[in-house]
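Q: I'm new to reading protein structures. Could you walk me through one, step by step?

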Amino acid sequence: MKRILEMSHISKAFGGVKVLTDVHLEVNEGEVHALLGENGAGKSTLMNILSGVLQADSGKITFLGKDYYTPTINQMEEAGIAFVHQELNVINDLSVVDNIFLTRELTRKFGLIDQKKQTQKTKELFESLGVEIDPGAMVRTLKTSEKQLLEICKALYTDAKLIILDEPTTSLSNEEIDHLFGILSKLREQGKSFIFISHKMPEIFAIADRYTVFRNGHFISSGDIKDTTPRDITSDMVGKTFVDVDMYEQRELGEEVLTLDNLSGRGFNNVDLSFRKGEIVAFTGLAGSGASEVMQTMFGALPIEGGSITYKGKKLDGSIAYFMKNKIGMLPTNRKENSVIKDLTILENFYIAEHVLSLRKPVISKAAEEAKYQEQKEKLRIKAASSADAITSLSGGNQQKVFLAKWLNTGAEVLLFNNPTRGVDVGAKAEIYKLILEFARSGKTVIFNTLEIPEVQKIADRCVVFYAGQVAAILDHKDVSERTVMNYSTGIQSQR
Amino acid sequence: MDKKQLTKQVGAFWAHYSYIVVMFVVMIVYAITISANGSSFRWSHITAILSSQNTCIIGTMAIGMALVVLTGQIDLSIGSSLVFTTSACIVVFNITNSILAMIAAALVVGAILGFINGALVGLAKMPPFIATMGTMLIYRSLSLSVVRSMDTAISGSTSSQFAMLRANSKYDFLRFTFGTGKILSIPYITLVFLLMVGLFIFVTKMTKYGKSIYAVGSNEKAAHLSGINTTFIKVSVYVVTGLLVGVASVLQACKLGNVTPASSGKSYEMYAIAAIVLGGISMAGGKGNLLGIIFGALSYTTVNFIIVSIPSLTVDIQDTFQGLVLIIVILIQTVSPVIKEKAHIARRRRQAEAEGKQN
C-alpha cells in the first residue's frame, strides 16, 4: 500500500504552552485513518498544521513525495489536501452549485459564469456519489448533514487526495451517518484517503482502517483497527494514571438548598431536580441534550420559559447580576470565548464579577483587591508571576483557575461549572477536580457539566444524564459507568 | 545580551507609549520649521498649541469618543452635538445672564443628545455608525433651522450665528477673564481640558465602572456572563460623551463667543478619532490609555501649526498632511507586528530547510 502522507517530529507551542510534542502521523492511499484523542490532545492543532492554517515550530510534512516545512493554506490545497471543519465553512446565502464552484467558477465569454455547465457538473458529481441534494437549492435551506456532504463534494471537486473530516458525525442522525459512511467507502475504493477525527468508538470501528492515538500533545500509538479493541484504544486515549486515580470520597451532605421545579427553557422541558449543600452533581449529555442550557438558565443567562428555580425558599428569576446576588455563580463553557477578557490583567479578570456585586463602592481599592487575589492564588495554587500580567500570559489550566477563583470571590454558594476542564492539560485537570472536592467540603454546592465520564466517576456524588431536552437518568456515584451513561445519553435506555 | 535587553525595553516602551514618541517627533519638526522661518522656538509656541481650540475643545470631546471607542462603538455626532449644545447654552446665557444656568443648559442638553445616541445603539440595537450618522445630520440641521428664524435679541447675532450678548454683565468675565485668560501662562480652558482628562483617567483606572467599559469592549460576551449590564455600559458612554460635549461647548462659547451652525465643529468627530488613535487607543475596543489623548490632541494640533508655519503651503493642503501623519503613525503600529511575524516564519523556514538537508 502506498504511503501518501507522513508527518514527522511535529512540535507546536502557543505562548509557552506545548500543545504538540514530537508527534507522528502516517496515512496510506485509499484508507480511512482515525485520529483519536481526548479534547485538547492536539488533533485539531495537527490538522491545522497539515492544512497550512498554523505553522509548526519544528518537524516535516511529506505529502505525495514532496517535503513541506511551513506550508501555506494555498500550497496544501494545491497539493490535494482538503479540510472539512467541524463548524462548516459553507456560505449560506449562495446556492449549492455556487458554493462548489466558488473561486473556480466555470466561465463563458467575458468572464460570465456558465451556470448551465456548473449545474451539469454538480449533478454528475452528486449522482456518482449517490448524494441527493438539489444543486440549485440555497445552502441555507439544507440540513446539517447535507451541508457536510456538500463540503466533502466541494473537496472532491478540487480533486483532493486527502480529506480531513473533523468530527463529521456530531450533529448527524444514525441514518445520515450510515449514508455518509457509504459515500466514504465508495471514495476509499477510488483511492481517496481520509483522516477521520472522532471519539465515538462504534463509528471508528465501523469505518476506519487504521488509527493513531494522541494524548496530551504526544503520540501514543498507531496501528490497524482490526488488531485492536475499543477498550485498548480508550485506555491509550485517557492514559493509565488518569483511569486509576480515584479521588472520590463519601461526604456528609447538608440540607436541600436548590430545586428546579418542572423547569422548561430553551432546548429542555420539565426538568425536576434538587441539590444539597456540599453536594457535587455532574450534568452530562451529548450535544443538543439540554444539559448546558439548563445550567445557563440556572444562572439567568437564558430565560426561564416554564416552572421555577428555588434557592433557600426564594424563587429566582432575573438577570445574571440578580442570580449572582442570590449566591449563584457560573463558569461558562469555552473559556476563550466566554471567560477570557484578553485586554484586562489577571487581577482585573479575577475581580470583574465581584465588582458587579459591590457597585455601591464605585472606587477600586487596589491593595485590598491584590490581597484577596493573593489569598485565592495561594488557595487555588495558581501559577502566575504578577497579577498585573495579561490574563493571556497564563497557561490554559491557570487561566481556568483564575476564573474559578473569580466566582469563589463573588461569595457564590452554588457554583455552576460548564465544561471546566475543557482545553486544559491533564495535570491541571486533576488540580481542578481536587479544587471542586475542596469547594464541596467547605459547604458549596457544585454542579458541573461534562462530556467526560471518568470525570464524573472521580468527583460526582450524583450524575444527571440528559437526552433530548429531558432528564434521562439520575445515577448515584456507584452506578456511574461509561456504558450506562452512554446508554442513557443516546436514548437507548431511559429511567422515566 | 545587553543590547538585546535594551531593544526589548525600547520595544515595550514603544508598544505602550508610542503616542509620547509621536508627540515629541512632531514637536521637534515644529521647532525646526520655526527656526527655518528665522525665529526661535519659545514657550509661547507651546502655550499656543495648548490653548488652541483643536487641543481643548476637540480634546475634551475626544475623551468621550475614547470611552465610546473603548466599548467597541463609535459616535459620529459629536461635532454636530457641539453646535447644538453651544447654541443652546448661548441662548440660555443671553436670556438669563447666568453662568450657572449656561453651564447647566450645556450639560443637560449634551446629556440628552448623548442619551438619544445611546438609546438608538444600546436599546434599539442599531449599528453605531449608522445611528450616530443620522443624529449627526439631525443635530446640526436643527440648530441651523432655528438660528434662521430666531429673534436676534436672543440669538445675539445675525441670521447665521449664535453669539453671546455683549450687553450681558457676565460677558466680560466669561469671554476675557476665563475664555482667553491664563494662570501661570497656562490658559484656563486648557486647565479644564487637563482636569477632564485627569478625571477620566481616574474613572477608567480606578473605578469599577471604568473596568467594565474595558471589559465590554474587549469581550462583550464574557463581560455579560460576569454579570455586567452591558446595555447600560454601552448607553452610558454615549451619555458621558454628551456631558463632555456640554463641557466642550462651554469652552467653545467662552473662547470664541459664538457658534455658526453651518460651519462650526465640522469634521470634529474625525479630528477626535484622529486624536485618540494618535493617543494609542485601539479602534477595535478594549485597549488604550486615556493619558494618550493629551498627547494625541497635542500632536494633532501641532501638525496643524507646522503646516501653517510653512509659508509655501496653503491651508487647503492641511488635511492632506494630517491624513498622511495619521496613516504613517497607524501604519507603523499595524505593520510592525506583521513584519515581526513574517521575519519569524522566514527564519523558521530557513532553519527547517537547513535541518532537512542535513538529514
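**Reading a two-chain model**

A: Sure, and we can begin with burial. This is a predicted model, and in it 44% of the 496 residues of chain A count as buried.

Q: What helices and strands does chain A have, and how many of each?

A: Chain A contains 18 helices and 20 strands.

Q: How do I judge how compact chain A is?

A: You set its radius of gyration beside what a rule for globules gives. For chain A the radius is 25 Å, close to the 23 Å from the globule rule for 496 residues, so chain A is as compact as a globular protein of that length. Its C-alpha trace spans about 70 × 55 × 50 Å along the principal axes.

Q: Which share of the contacts in chain A joins residues at least 24 apart?

A: Take the contacts between residues at least 6 apart in sequence: 67% of them join residues at least 24 apart.

Q: Can we zoom in on one residue? Where is A:Ser11, and why is it called partly exposed?

A: A:Ser11 sits in strand S1 of chain A, residues 3–14. Buried takes 20 or more other C-beta atoms within 10 Å, and exposed takes 12 or fewer. A:Ser11 has 16, so it is partly exposed. Leaving out residues up to four places away in sequence, it touches several others, including A:Leu20, A:Asp22 and A:Ala56. A:Ser11 and A:His218 are 207 residues apart in sequence, with 9.3 Å from C-alpha to C-alpha.

Q: What about confidence? What is the mean pLDDT of chain B?

A: Where pLDDT is low, the predicted coordinates should not be read in detail. Chain B has a mean pLDDT of 87, and 96% of its residues reach 70 or more. The model itself scores ipTM 0.83 and pTM 0.79.

Q: How many residues of each chain are in contact with the other chain?

A: 27 residues of chain B are in contact with 28 residues of chain A. On the chain B side, helices H10 (208–218), H11 (220–225) and H15 (318–358) each supply at least two residues. The largest share, seven residues, comes from H10(B). That side of chain B divides into ten nonpolar, ten polar and seven charged residues.

Q: Last one: how do I describe two helices that cross, such as H4(B) and H13(B)?

A: You look at how their axes meet. The axes of H4(B) (residues 78–96) and H13(B) (residues 268–278) come within 6 Å and cross at roughly 125°, and the two helices are therefore oblique to each other. There, B:Ile78, B:Gly79 and B:Leu82 of H4(B) meet B:Tyr268, B:Glu269 and B:Ala272 of H13(B). Those residues divide into four nonpolar, one polar and one charged.

Methods:
Residues are numbered from 1 along each chain as its sequence is written. Chains are lettered from A and ligands numbered from 1 in the order in which they are written. This is a predicted model: local features need pLDDT of at least 70, side-chain atom pairs count only at pLDDT 80 or more; totals for chains, interfaces and linings use all residues. Helices (H or I, at least four residues) and strands (E, at least two) are DSSP runs, numbered from the N terminus. The radius of gyration is taken over C-alpha atoms; the globule rule is 2.2 Å times the number of residues to the power 0.38. Two residues are in contact if their C-beta atoms, placed from the backbone, lie within 7 Å. pLDDT is the predictor's confidence in each residue, from 0 to 100. Ala, Val, Leu, Ile, Met, Phe, Trp, Tyr, Cys and Pro count as nonpolar, Asp, Glu, Lys and Arg as charged, and the others, Gly among them, as polar. Axes are lines fitted to C-alpha atoms, for helices over the stretch in contact, and angles run from 0 to 180 degrees between N-to-C directions. Angles under 35 degrees count as roughly parallel, over 145 as roughly antiparallel, 65 to 115 as roughly perpendicular and the rest as oblique.
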